[in-house]
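User: I would like to learn how to read strand pairing and pockets in a model. Can we start with a single bridge and build up from there?

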Amino acid sequence: MKTVAVYGLTAGTGKTSVAKEMAGFIHQFGQKTLLVDLDLNKGNITDKLGLNESPNIGSWLIEIIKKMNTSPCWEITYKPEEIQPFIQQHNSGLHVLASNTKKNLDHSPFLLSSLEIIIRSLLKSAFDVVVFDTNSEVRDYTIELILRVDKVLLVVEPFGFSLQNAEMFLRLLVDEGISMDRFGLVFNRFPTFAEDDPQEISRSLGIPLCGVLPNYPNLSEKKNQTKILTTKKSSRFSQELRQVLGKVWGD
């Protein structure tokens with residue numbers, strides 16, 4: 001199994017679009033792929049892919065929290081077949097653990113332990129690749145995920161990018177014991193002449209640049225009209241995404 005977390009250094013980077021496009025692209029090449037919406041407050045993969053509101057990751061969390069009333073968290077496990085009721089399938093065939101719709105879960109004292117169970121179960125599942133769409137905040141469960149995945153892809157929006165804030169974020173992760181060897185940068189569009197050069201940012205942060213995605217206008221389609229664009233394998237966007245994935249996995 002290969003695992004990657006897609007993280008936006010700031011809000012509005014297009015990380016969710018990058019995550020769903022990446023998962024869709026991998027799926028089209030025959031890999032059994034799961035896309036996970038781990039942005040519990042503002043996740044919108046359900047809307048972007050036109051999925052049903054349920055089942056979703058919130059449904060799974062609620063069930064785990066109920067189990068924790070009678071069992072310690074380390075005894076709660078889910079076999080691959082027990083995960084399936086919480087997963088939806090997009091019309092492309094891509095498997096998706098959809099966006100949370102349960103209110104106040106983010107403030108539950110059992111949240112971290114519950115998400116650890118979910119992450120642990122997914123990493124033992126039958127999927128070939130799992131792509132996690134994270135939130136854009138430094139949360140305890142986000143750090144837990146980053147510690148466990150193979151690769152972390154940092155998505156950058158050139159407009160308003162702050163090198164200082166990015167460096168602070170990376171220092172926090174290093175303090176948590178996370179190795180920078182697993183990180184890569186991807187820009188969500190080509191910068192203008194007035195914006196920072198991706199190669200310079202890559203050198204300043206000490207993180208390899210995996211690629212710069214074309215400014216693909218269809219990524220911002222209206223609610224319930226969005227599709228996985230990388231089904232068009234010959235498009236310029238798909239070709240660049242293939243190169244990004246090659247650098248992420250090193251192949």
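Analyst: Start with T33, whose bridge partner in β5 is V129. This is a predicted model, in which local features need pLDDT of at least 70, side-chain atom pairs count only at pLDDT 80 or more, and totals for chains, interfaces and linings use all residues. Residues are numbered from 1 along each chain as its sequence is written, and side-chain values use heavy atoms, with hydrogens and water left out.

User: In which sense do strand β2 and strand β5 pair?

Analyst: Two strands pair if DSSP finds at least two bridges between them; strands are DSSP runs (E, at least two residues), numbered from the N terminus, and helices are runs of H or I of at least four. Here β2 (residues 33-37) and β5 (residues 129-133) are parallel, over five bridges.

User: What is the order of the eight strands in the open sheet?

Analyst: The order is β3-β4-β2-β5-β1-β6-β7-β8, with mixed pairing. β3 (88-89) and β8 (209-212) each have a single partner strand, so one side of each lacks a neighbour in the sheet.

User: Which helices each supply at least two residues to the lining of the second largest pocket?

Analyst: On a 1 Å grid over the protein atoms alone, a pocket is an open set of points with protein on both sides within 12 Å along at least five of seven lines, and lining residues have an atom within 4 Å of a point. α1 (15-28) and α9 (236-249) do so, and α9 gives the most, with four residues. Of the eleven lining residues, F25, I26, Q31, L245 and W249 are the closest to the pocket's centre.

Definitions and conventions. 1 Å grid on protein atoms, 1.4 Å probe; cavity = no way out; pocket = protein on both sides within 12 Å on 5 of 7 lines; lining within 4 Å.
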